[in-house]
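Colleague: I'd like to learn how to read a structure like this one. Could you take me through a few features, one at a time?

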Amino acid sequence: MTTYNFSAGPGVIPEEVVTQVKNEFEKNEHTQLSIMEISHRSETFQNIIFDAEQKLRELMAIPDEYAVVFLQGGGSLQFEMLPLNFATHQQNVALLDSGNFAAKAGEAIEALGKKLTVIDSTKQQHYQQLPSLPSDFNADDYDYLHIVTNNTIEGATFHQNNLPVTSGRLVADMSSNILAEPYDINTFDAVFAGGQKNLGPAGVTLAIVRKEWLDQQDITGVGPMMRYQNHIDKQSMFNTSPVFSIYVMDLVLNWVAQQGGVAEMHRRNLMKSQRLYDFIDQSDYFSAPVATEERSLTNIIFTTGDLQNDKAIAKQATQEGLFNLAGHRSVGGFRASLYNAQPIEAVDALISFLQKVEK
């Protein structure tokens, strides 16, 4: 039976990459060691991490004005590193509350003793549409504005053409749609993404930071591990790096490049998501609640309207080889994650299954 993984994270990894990892797992021909055993100080790993950074810079057109670092702790640690490093002048962070992970970032900001200002929230609308900046938003009152480009749980997305426009600093959590669609990196002052969705396995977190913004901060009292500059100065090896995760991420980045880069990923993701949305929109049984122009390309949220029925259908899907379709516990329904490595055949198989369920 052919199986497909629709998990929101850890997500699907390209089949070619999984095969390469399997072939190289036990012993590297040059070091005579497993990739799990090589030192983060070794020349082999330094070549891997250098290649990963360079490939990422090419794929995202990241200029030299930005530092790129590979960290640990997931996106959740970035919720704390960002305000510690950058909420140092106004001590006040603006937030567009578009979903669960935006709210969690807000909780972390407040826990650190910084002021949080929720500029707009769509919580009352069950996050089925995006919040927006009011016309009288004064960026000078805040150290930065925090957004989540793609809401993994709720399925609403700030695409490049509907990003909030601010004269101030903009920070973006891109964990679930980095490399899935094009963004102009120059729009942002900092971007971060957990690795376990579009970049590779869990364990590595990407951060892209505008260097001149770092230079303006006084971070007296911030511990050494929580300082971006320390990680930048040591080329992401301030402490023992997540070697295996970075190795796999490097393979994934090379796979993306070989496929045609972000533009090709975007084309495929548009095709995959539109095929599924078209089916759902034409269905009398399923519905997708997110506002059409704000729908995610990577996390498709839908439901029958009966949460118990949805659970039963998701369980049946598992039996037919369609794994991890159940929506997040806070939302229910279904969530089909169509990350870069998800083939169009997975969408076709899902639609065929849903058509049988309708009958």
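Modeller: Let's start with a term: a residue counts as buried when its relative accessible area is under 20%, as exposed when that area is over 50%, and as partly exposed in between. Keep in mind that this is a predicted model.

Colleague: Let me try the term out. Is Asn150 buried or exposed?

Modeller: Asn150 has a relative accessible area of 2%, so it is buried. You'll find Asn150 in the loop between β5 and β6.

Colleague: And which residues does Asn150 touch, once close sequence neighbours are set aside?

Modeller: If you skip residues up to four places away in sequence, Asn150 touches Ala156, Thr157, Asp173, Ser176, Asn177, Ser296, Thr298 and Asn299. Let's follow one of those, Ser296. Ser296 sits in the loop between α8 and β9 (299-302), and with a relative accessible area of 0% it is buried. Leaving out residues up to four places away in sequence, Ser296 touches Asn150, Gly155, Thr157, Ser273 and Tyr277.

Colleague: How far apart are Ser296 and Asp173, in sequence and in space?

Modeller: They are 123 residues apart in sequence, and their C-alpha atoms are 14 Å apart in space.

Colleague: Next topic: the nonpolar core. What's the general idea?

Modeller: In soluble globular proteins, nonpolar side chains tend to be buried together. Here, the largest nonpolar core has 56 residues, and those with the most contacts inside it are Leu56, Phe70, Ile147, Leu179, Phe188 and Ile208. Helix α7 (residues 243-259) gives the most to this core, ten residues in total. There is also a second, separate core of 29 residues, with Phe79, Leu82, Val209 and Ile232 among its members.

Colleague: Can we zoom in on one residue? What is Ile147 in contact with, beyond its neighbours in sequence?

Modeller: Once neighbours within four places in sequence are left aside, the contacts of Ile147 are Leu96, Phe158, Leu163, Pro164, Leu170, Val171, Ala172, Asp173 and Phe188.

Colleague: Now salt bridges. How do I recognise one, and how many salt bridges does a search of the whole structure find?

Modeller: Look for a side-chain nitrogen of Lys or Arg within 4 Å of a carboxyl oxygen of Asp or Glu. Searching the whole structure turns up ten salt bridges. In one of them, the side chains of Arg169 and Asp189 meet, at 2.8 Å from N to O.

Colleague: Why does that pair tie together parts that are apart in sequence?

Modeller: Arg169 is in the loop between β5 (144-148) and β6 (170-173), while Asp189 is in the loop between β6 and β7 (190-194), so the pair ties together parts 20 residues apart in sequence. Both ends are tucked in: Arg169 is buried at 18% relative accessible area, and Asp189 is buried at 6%.

Colleague: Is there a salt bridge inside a single helix?

Modeller: Try Arg267 and Glu264, whose closest N and O atoms are 2.8 Å apart. Both lie in helix α8 (residues 261-282), three residues apart, or about one turn of the helix. Arg267 is partly exposed at 44% relative accessible area, whereas Glu264 is buried at 17%.

Colleague: And one that links two helices?

Modeller: Asp348 and Arg275 form a salt bridge, with their closest N and O atoms 2.8 Å apart. Asp348 lies in helix α10 (residues 344-358) and Arg275 in helix α8, so this pair ties together parts 73 residues apart in sequence. Asp348 is partly exposed at 31% relative accessible area, and Arg275 is partly exposed at 34%. Salt bridges can also share partners, and in this way Arg169, Asp189, Arg210 and Glu212 are joined into one network.

Colleague: Last one: helix packing. At what angle do α8 and α10 pack?

Modeller: The angle is about 5°, and the axes are 9 Å apart. Angles under 35 degrees count as roughly parallel, so α8 is roughly parallel to α10. The residues of this contact divide into eight nonpolar, one polar and four charged.

Colleague: What about α7 and α8, at what angle do they pack?

Modeller: About 80°, with the axes 7 Å apart. That makes α7 roughly perpendicular to α8. In this contact, Trp255, Val256, Ala257 and Gln259 of α7 meet Gly261, Val262, Glu264, Met265 and Arg268 of α8.

Note on methods:
Residues are numbered from 1 along each chain as its sequence is written. This is a predicted model: local features need pLDDT of at least 70, side-chain atom pairs count only at pLDDT 80 or more; totals for chains, interfaces and linings use all residues. Side-chain values use heavy atoms; hydrogens and water are left out. A nonpolar core is a set of buried Ala, Val, Leu, Ile, Met, Phe, Trp, Tyr and Cys residues joined through side-chain atoms within 4.5 Å. Buried means under 20% relative accessible area, exposed over 50%, partly exposed in between (1.4 Å probe, protein chains only). Helices (H or I, at least four residues) and strands (E, at least two) are DSSP runs, numbered from the N terminus. Contact means heavy atoms within 4.5 Å. Axes are lines fitted to C-alpha atoms, for helices over the stretch in contact, and angles run from 0 to 180 degrees between N-to-C directions. Angles under 35 degrees count as roughly parallel, over 145 as roughly antiparallel, 65 to 115 as roughly perpendicular and the rest as oblique. Ala, Val, Leu, Ile, Met, Phe, Trp, Tyr, Cys and Pro count as nonpolar, Asp, Glu, Lys and Arg as charged, and the others, Gly among them, as polar.
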